[in-house]
Amino acid sequence: MFKQKVGGVIVAGLLVSSLGAVAGCSSESSSTDTQQSQEQTDTTSSQETLFAIGTQSSTAKTIKLDNQIGKDISQVNIAVTETDEFGTALSMPSSQVWKNAEKAQISFEPTSGASAYDIQITCKDASVYTLHGVDVSVLGDDAAIEVQGDIAYLTYTSGSSTVSTLSAEQAYVQAQQEAADAAAAAEAAAAEQAQQAADAEAAAASTTYEAPAATTDTYSYDTGSTYSYDTGSSSASTGSSDSSSSSSSSGSSSDSSSVGQSGDGCVSGGVVLR
């Protein structure tokens, strides 16, 4: 019995030892499988196929962006911030678009001394969005383009925080609108002043010079003298004819003399002109 006990103990001990060995092997196998699975996941992640935009080169700057705007993108342009023109669009695979929810690898030639860039994207539906003043050096592999209303913005991780450029983009758009409104107001004021000047010039040109009225001398003409005729008087009685004649003669002489002296008339054949 004792041996048997001892034997039983020995057998039991061997079984426990065997189970422990089996358990240890199983644990090691599980750990190995987990490690291999993680390696496979990392390999798959590193081999993730990205939509290629632009041309890769030894001098090119490369960024990764996830399209989260809800639309397919057909064109990408990058230019130094505050540049008036974007220039030529970055190359894309022929007849392909950067699909929504697809990550792209964007390569472009950086400009010496530039730290911020504007990124313009044109969607398949012809809508256009612009990201302003992007510091490409801070963008990690998780950066994404998103849209709110008509404004596109970026989200990315910096340390343990998620950064959004939405407020900065909104402030930029507002500033641009205010500047445009001010420029339009100034242009309208200048146009109004120009119109007022033109109206004043036209009014001055239409005013004619009025010369003083010419003075005309008025002449009056005496169309003639008034003539009166003295036919003389005849005496009714013969007896008084001589006296009348004498008197008449004397009167005529007197009248003639008087007229001659005064120059008021002329005697001719007994007719007195006055």
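1. Read from the N terminus onward, the elements of this predicted model follow the order α-β-β-β-β-β-β-β-β-β-α-α-β-β, which amounts to three helices and 11 strands for the chain.

2. Turning to contacts and surface, 60% of the contacts between residues at least 6 apart in sequence join residues that are at least 24 apart. Of the chain's 274 residues, 19% count as buried, while the exposed surface of the chain comes to about 19,200 Å², with carbon and sulfur atoms supplying 50% of that area.

3. The count of aromatic pairs comes to one, and the pair is formed by Phe108 and Tyr117, whose rings lie 5.2 Å apart centre to centre with 70 degrees between their planes. The arrangement is classed as edge-to-face because the angle between planes is over 60 degrees. Both partners are buried, Phe108 with a relative accessible area of 5% and Tyr117 with one of 4%.

4. The loop between β3 (73-80) and β4 (103-108) holds Glu82, and Ala101 likewise lies in the loop between β3 and β4. Glu82 has a positive phi, near 75 degrees, although this residue is not a glycine, and for Ala101, also a residue other than glycine, phi is positive at about 70 degrees. As for their surroundings, Glu82 is exposed, its relative accessible area being 61%, and Ala101 is exposed as well, with a value of 54%. A colleague checking backbone geometry may wish to look at this loop with both residues in view.

How values were computed. Residues numbered from 1 in each chain as written. Predicted model: local features only at pLDDT ≥ 70, side-chain atom pairs only at ≥ 80, totals over all residues. Heavy atoms only, no water. Phe/Tyr/Trp six-rings, centres within 6.5 Å; stacked < 30°, edge-to-face > 60°. Buried < 20%, exposed > 50% of the residue type's maximum accessible area, 1.4 Å probe, protein only. Helix = DSSP H or I, 4+ residues; strand = E, 2+ residues; numbered from the N terminus. Contact = heavy atoms within 4.5 Å. Areas by Shrake-Rupley, 256 points an atom, 1.4 Å probe, with all protein chains shown as cover.
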